Amino acid sequence: MKLTLHVWRQRNAGAAGRMVRYEARNVSAHMSFLEMLDVVNDELTLKGEDPIAFDSDCREGICGTCGFMINGVAHGPRRGTTVCQLHMRSFQDGEVLYLEPWRARAFPVVKDLVVDRSAFDRVIQAGGFVSVSTGSAPDGNAILVPKPAADLAMDAAACIGCGACVAACPNASAALFTGAKITHLAKLPQGQPERYARVLEMVEQTRQELFGSCTNIGECEAVCPKHIPLEVIAHMNRDFIRGSWRRRPESLAAGAG
Ligand code: SF4
Ligand code: FES
């Protein structure tokens, strides 16, 4: 296969960026998308040119490090698939592809296709943890968890923090990511002590990081490689309202009688 790539090249966060055209030749259908870029980068390096910067780590779809836009779609055309697990058999010989980094104010470009997602780390630091001592691995039957709650917690825990949801959202909202982290803990007994403080702190942090608000468009769910459902945003919003009510000033609480 032969492909034409138009890749966003940007030396650093302060520099102006532009699309640069490359030809990817001798592409095997069995290559992953990142392996195809590795080959393009080998050629660039041999020519003494700067290779295209992109993030990756596990290349197994589990770490959340990789991700960029392919023809305007976060992680590319295959649903439920990270760009490291996207294979070239998903494309046709002669296709023209446009590769761009995640576009969001909270994710500044570091270089080319690499963005700084440390805003997600700070959202987690604001409350995405439990402080109860969980001791050693307990017997699976020691703390009973209703099956529907366990299933939703597991589904939410599948979020790998890749940021595709933010990149796809017209508001650059982090609601799907934050909702996943909140729902994961809120559904389990160990997450109860800090449940309402957690949602208030994490949502406030998303505001400080300049993520936008959710307006229920659903682009996030469509591109999420882990099929995180919009339902987690509803759980987050419900806990946020409950948490706000619990934290209301004493005077209002007394007045509300
Ligand atoms: S919710 Fe989905 S798209 Fe968003 S960070 Fe988690 S895994 Fe990625
Ligand atoms: S490199 Fe780990 S999910 Fe893609």
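## A five-strand sheet and its surroundings

W8 has M19 as its bridge partner in strand 2. That pair is a handy way into the sheet. First, some ground rules. This is a predicted model, in which local features need pLDDT of at least 70 and side-chain atom pairs count only at pLDDT 80 or more, while totals for chains, interfaces and linings use all residues. Residues are numbered from 1 along each chain as its sequence is written, chains are lettered from A and ligands numbered from 1 in the order in which they are written, and side-chain values use heavy atoms, with hydrogens and water left out.

**Overall layout**

The protein has nine helices and seven strands; these are DSSP runs numbered from the N terminus, with helices being H or I of at least four residues and strands being E of at least two. Its C-alpha atoms fill a box of roughly 75 × 40 × 30 Å along the principal axes. Of the 257 residues, 44% count as buried, where buried means under 20% relative accessible area, exposed over 50%, and partly exposed in between (1.4 Å probe, protein chains only). Take the contacts (heavy atoms within 4.5 Å) between residues at least 6 apart in sequence: 69% of them join residues at least 24 apart.

**The sheet**

Five strands make up an open sheet of mixed pairing, in the order 2-1-5-3-4. Strand 2 (18–24) and strand 4 (73–74) sit at the edges with a single partner strand each, so each has one side left without a neighbour in the sheet. Helix 1 (residues 33–46) packs on this sheet and touches strand 1 (3–9), strand 2, strand 3 and strand 5, with its direction at about 80° to that of strand 1. That angle compares N-to-C directions on a 0 to 180 degrees scale, using lines fitted to C-alpha atoms, for helices over the stretch in contact.

Two strands count as paired if DSSP finds at least two bridges between them. Strand 1 runs antiparallel to strand 2, and seven bridges join them. With strand 5 (residues 96–100), strand 1 pairs in the parallel sense over four bridges. On that side, H6 is matched with Y98 and V7 with L99. Strand 5 also pairs with strand 3 (residues 69–70), antiparallel over two bridges. Here M69 stands opposite E100, and I70 faces L99.

How many of the residues of strand 1 are buried? Seven of the seven are, so the strand is largely enclosed by the rest of the structure. You can see cover on both faces: L3, L5, V7 and R9 are buried on one side, and T4, H6 and W8 on the other. Strand 5 is another story. Its side chains alternate, with L97 and L99 buried on one face, while V96, Y98 and E100 point to the other and are not buried.

**V115**

V115 lies in strand 7 (residues 114–115) and counts as buried at 7% relative accessibility. Setting aside neighbours within four places in sequence, V115 is in contact with D55, P101, W102, F107, P108, V109 and V110.

**Helix 6**

Helix 6 (residues 195–208) has 14 residues and spans 20 Å from first C-alpha to last, close to the 20 Å expected, which is 1.5 Å times one less than the number of residues. Its buried residues are R195, Y196, R198, V199, L200, M202, Q205 and T206. They pack against helix 2 (118–125), helix 5 (175–186) and helix 8 (231–246). Just after helix 6, L210 takes a positive phi of about 70°.

**Two more positive phi angles**

Most residues other than glycine have a negative phi. The two residues below go the other way.

| Residue | Phi | Loop | Relative accessible area |
|---|---|---|---|
| N26 | about 50° | strand 2 to helix 1 | 70%, exposed |
| H227 | about 55° | helix 7 (219–223) to helix 8 | 55%, exposed |

**Around ligand 1**

Which residues come nearest to ligand 1? Of the 13 around it (a heavy atom within 4 Å), they are C159, C162, G163, C165 and C224. Helix 4 (164–168) and helix 5 are the elements that give two or more residues to this shell. By type, the shell holds 11 nonpolar residues, two polar and no charged. For that split, Ala, Val, Leu, Ile, Met, Phe, Trp, Tyr, Cys and Pro count as nonpolar, Asp, Glu, Lys and Arg as charged, and the others, Gly among them, as polar.
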